[in-house]
Amino acid sequence: MGIFKELGLREIINASGKMTALGASAVEEQVGLALKEASQDYVDIDELMEYTGKVIAKVTGAEDGCPTCGASAGIAISTAAVIAGTKLSLIERIPDTEGLKNEVIVQKGHLVNFGASIGQMIRIGGGKVVEVGQANKVEKDHIEQAINDHTAALLYVKSHHTVQKGMQSITAMMEVAHKHGLPFIIDAAAEEDFQKYIKMGADIVIYSGGKALEGPTSGFICGKKELMEACRKQYKGVGRPMKIGKEGMAGLITALKLIENKSSKPEKQIERMTNLCNKLGKLQGLTCSIKQDEAGREIYRAQIHINEDITGISAEELLHKLEAGNPAIYLRHHYVNVGILSVDPRPLLEGQEDIIADKIIDILQGGNK
Ligand SMILES: *Cc1c(COP(=O)(O)O)cnc(C)c1O
């Protein structure tokens with residue numbers, strides 16, 4: 001700890017989730033050690049990459065895997081892989097794919113910004129984005145009728161960022177892809193289930209290493225053997241400026257091995273958030289309760305409801321005061337418009353829930369004067 005503080009940067013308490021803008025995850029000791037040791041040593045990179053692929057395969061249940069520097073690189077590399085395969089002359093041409101099968105079909109409500117644009121990542125990999133349907137309504141016919149001789153793959157984005165209603169399901173879209181013998185890719189960057197989509201039959205699934213896995217800044221792709229070979233081969237082409245490196249791979253391997261033995265420990269989350277709520281519950285105009293994640297994931301957040309009439313300060317004002325402080329505290333604020341802020345226990349370091357409680361008490365008591 002402390003490198004950023006030493007540099008004079010603001011201390012951050014992250015209670016908002018796995019936010020790339022805040023540094024995604026703080027890794028466990030073992031992962032940190034792997035990063036350090038790898039950085040001070042040598043290894044045959046191709047051998048390490050194949051080994052990492054095998055670890056990815058074991059955790060995901062896929063045939064093989066490919067490490068990346070992030071899920072966004074995973075989209076670009078997967079796209080390049082389905083277009084160029086393992087053929088070096090084509091790999092070296094990417095992103096110029098004129099005359100090749102290069103079209104990637106995406107539902108319109110899935111072309112979102114996750115911090116950058118999904119469509120741009122496809123284009124970096126040489127793909128031509130074919131968006132189908134409307135932002136809030138996509139029919140199976142839209143997908144089916146977009147397929148032609150130039151179609152390279154169909155891509156589905158599984159994320160809270162996408163339009164959740166009116167889109168075709170994974171199963172429906174995959175059925176169309178496979179009926180036409182086309183690879184079906186899922187961007188599951190922030191998803192917690194590393195096996196589900198492979199089990200469902202997807203050919204390529206992309207994850208971020210810094211999100212649910214709580215690994216270092218990295219990512220990984222899993223899927224069919226020949227496609228994963230093609231993905232790894234892209235490091236001779238478009239993958240090079242987005243290479244992961246020995247430290248990233250060593251850290252990723254360690255995080256993947258840890259997750260195999262780790263339950264998400266909901267009891268611990270509930271215990272910490274209960275302590276926070278007990279402290280905050282003493283304040284007038286504030287109620288705090290434990291709520292499971294809306295999407296049913298094993299995340300138990302403290303949900304703080306602020307009654308502005310009593311506290312004299314709105315949820316929005318409280319949010320901004322916390323963010324402007326030092327340490328800067330970032331809460332989850334999806335429902336701030338209805339007076340609700342949440343604390344995500346997963347990214348919090350030991351004891352930080354107490355700092356958050358004290359700071360909120362401090363602000364509210366100050367605001368009441
Ligand atoms: C976060 C995210 C990405 C990018 O992941 P990185 O690992 O930061 O590159 C891509 N797609 C979706 C849906 C995401 O949520």
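**One disulfide and a ligand site**

A search of the whole structure finds one disulfide, that is, one pair of cysteine sulfur atoms within 2.5 Å. This is a predicted model, in which local features need pLDDT of at least 70 and side-chain atom pairs count only at pLDDT 80 or more, while totals for chains, interfaces and linings use all residues. Residues are numbered from 1 along each chain as its sequence is written, and side-chain values use heavy atoms, with hydrogens and water left out.

Me: What makes cysteine 277 and cysteine 288 a disulfide?
Reply: Their sulfur atoms are 2.0 Å apart, and the definition asks for a pair within 2.5 Å, so the pair qualifies. The link is left-handed, with -65 degrees about the S-S bond.

Me: Which parts does the pair of cysteine 277 and cysteine 288 tie together?
Reply: Cysteine 277 lies in helix 12 (residues 266–280) and cysteine 288 in strand 9 (residues 286–292), so the bond joins parts that are eleven residues apart in sequence. Helices (H or I, at least four residues) and strands (E, at least two) are DSSP runs, numbered from the N terminus.

Me: Why is cysteine 288 called buried?
Reply: Buried means under 20% relative accessible area, exposed over 50%, and partly exposed in between, computed with a 1.4 Å probe and protein chains only. Cysteine 288 has 18%, so it counts as buried, and cysteine 277, with 9%, is buried as well.

Me: Why is there no bond from the sulfur of cysteine 69 to the closest cysteine sulfur?
Reply: The closest cysteine sulfur, in cysteine 66, is 10 Å away, which is too far for a bond. At 30% relative accessibility, cysteine 69 counts as partly exposed.

Me: What is known about cysteine 222 and the closest cysteine sulfur?
Reply: That sulfur belongs to cysteine 231 and is 10 Å from the sulfur of cysteine 222, so it is too far for a bond. Cysteine 222, at 0% relative accessibility, counts as buried.

Me: What makes the pair of serine 208 and the ligand a polar contact?
Reply: A polar contact is a pair of N or O atoms within 3.5 Å; within protein, one must be able to donate a hydrogen and the other to accept it, and residues adjacent in sequence count only if both atoms are side-chain atoms. An N or O atom in the side chain of serine 208 is 2.6 Å from an oxygen atom of the ligand, so the pair meets the distance limit. For the side chain of lysine 211, the distance from such an atom to a ligand oxygen is 2.9 Å.
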